[in-house]
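Me: Please take a close look at one part of this model for me. I want the ligand site, and how the two halves of the protein meet around it.

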Amino acid sequence: MKQDKPVVVMVGLGYIGLPTAALVASRGLHVKGVDVNPGVVETINQGKIHIVEPDLAGLVKRMVEEGYLEATTEMPEGDVFVVAVPTPSRGEEHVPDLSYVESAVRNVAPKLRRGNLVIIESTSPVGTTEKMHALLNELRPDLEGDFHMAYCPERVLPGRVLYELQHNDRAIGGIDEESTRRAIDFYRHFVKAELYPTNARTAEMVKLVENASRDVQIAFANELSLISDKAGINVWELIDLANKHPRVNILRPGTGVGGHCIAIDPWFIVHDYSDEARLIRTAREINNYKTLWAAEKVKNAALEFEKEHGRKPLIAAMGLAFKPDIDDLRESPALALARMLKAQGLDVVAVEPNLEGDRYEEFQLVTAGEALDKADIIAFLVAHTPFKGMKVPESKKVLDFVNAVTYPAK
Ligand code: SAJ
């Protein structure tokens, strides 16, 4: 029956679009993937993939071979259109750029047929789905509004995408109740978890608020680390003891907040609600400031060393990735910090157990053993598992921003 097995058009075949397309295809739905990049389309049609994600390569290969998944640069017709293109942002305050979403919707417009469903998954400011609905109505007055539209954000963690797409609950917000119902029917094909109906504006805000919430909580931990430093208190002991309270759960301070979402999405709220979003804005500022503060600490340690020893110290940056135990350097505060030190003329080597030395040229990569042996200042920037409990010779100056080795004291 046609209604049970809609033809799905996935617009944008990136980190979210491609795994979603492959998963939908694996449920026996015909999926046509669209991407503006001909290289991506060609790669997928050969049964290969252009991104790194566990188990995805095999699934895409199988789906392409079985004929359930095909890629194209031309927008095809279909029953359900899912837009999963990036929403980049510009400038220091990350002004959201909706041009990819708008261009995707403009490309869908000529192919839209009565009764079709258009879903936006891209992280978007509140009101975007309504705007895109108005745009489609403007471009296709002949349809007389006879199509459906919904917003449904993803919330998957890279590295676990195929699992989390199936097992995470989702909020689904239609432009009207019928749209919400139809969108839920679509996601039921591959989501095993709960699907919560709401309206489009709420669903848009849910995504932004999830990441803003984490940002605010991390900012609280980072603020405590600044206060504790001044007060002569070990922040890790402080948090550990405070967290013994049954209703307190303070997160971990670090060298700032990185990644592609948590440091960016809160700005989408701040822009549109600048008078109200005071806490959210301040949290962003605190988390950004923490990187500068930590860099300053290392710089001061270097100056002291030079005064005492009459030579410049060698600094080991322990960790470069944006969070523990991954190799992803994009938007990494640890990398930004190491760059700041280098830009000040300091000598920096890096230890990044998740990167292969010959694949990275910006910093000289050394092993942890070499760093402990050769460097004068050991700055822990990321709490990678291999750093845990590492014994640093007493002659070295240790700056541990992430509690890799500090607490509980050995
Ligand atoms: N961090 C701290 N202290 C902590 C926890 C994290 O400093 O206690 C830092 C990390 O080191 C890192 C940054 O925060 O620099 C973000 O890391 P993360 O693991 O909290 O999150 P991401 O960016 O990998 O993924 C997030 C997830 N959102 C939430 O947990 C609310 C994920 O579910 C979303 O899908 C993703 O953003 C996204 O795409 O929005």
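Reply: What follows goes through the ligand site and then the domain interface.

This is a predicted model. The protein is divided into domain 1, residues 8-193, and domain 2, residues 210-400. Both domains matter for the ligand site: the shell around the ligand draws at least three residues from each of them.

Start with the shell. It holds 18 residues. The nearest are N211, R214, R252, C261 and F322. By class, the shell has eight nonpolar, three polar and seven charged residues.

Now the polar contacts to the ligand. N211 uses its side chain: a polar atom there lies 2.7 Å from a ligand oxygen. R252 uses its backbone instead, with an N or O atom 2.7 Å from a nitrogen atom of the ligand. G258 also offers a polar backbone atom, 2.9 Å from a ligand oxygen. Taken alone, the ligand exposes 780 Å². The protein buries 83% of that area.

Next, the domain interface. The C-alpha centres of domain 1 and domain 2 are 35 Å apart. Domain 1 puts 14 residues into the contact, and domain 2 puts in twelve. Together the two domains bury about 1100 Å² between them. Of this area, 57% is on carbon and sulfur atoms. On the domain 1 side, E93, H94 and T123 stand out: they supply 41% of the area that domain 1 buries against domain 2, more than any other three residues.

Polar links across the interface come in small numbers. The count between the domains is one salt bridge. E210 forms a salt bridge with R155, and their closest N and O atoms are 2.2 Å apart. Two residue pairs are in polar contact across the interface, both at pLDDT 80 or more. The face of domain 1 that touches domain 2 is mixed in class, with six nonpolar, five polar and three charged residues.

To put the two parts side by side: the ligand shell takes residues from both domains, and the ligand has 83% of its area buried by the protein. The domains themselves meet over an interface of about 1100 Å², with one salt bridge counted between them.

Conventions
Residues are numbered from 1 along each chain as its sequence is written. This is a predicted model: local features need pLDDT of at least 70, side-chain atom pairs count only at pLDDT 80 or more; totals for chains, interfaces and linings use all residues. Side-chain values use heavy atoms; hydrogens and water are left out. Domain bounds come from an automatic or database domain assignment. Contact means heavy atoms within 4.5 Å. Buried area is the accessible area (1.4 Å probe) that two parts lose on being put together, summed over both. A salt bridge is a side-chain nitrogen of Lys or Arg within 4 Å of a carboxyl oxygen of Asp or Glu. A polar contact is a pair of N or O atoms within 3.5 Å; within protein, one must be able to donate a hydrogen and the other to accept it, and residues adjacent in sequence count only if both atoms are side-chain atoms. Ala, Val, Leu, Ile, Met, Phe, Trp, Tyr, Cys and Pro count as nonpolar, Asp, Glu, Lys and Arg as charged, and the others, Gly among them, as polar. A residue is near a molecule or strand if one of its heavy atoms lies within 4 Å of it. Accessible areas come from the Shrake-Rupley method with a 1.4 Å probe; for residues, only the protein chains shown count as cover.
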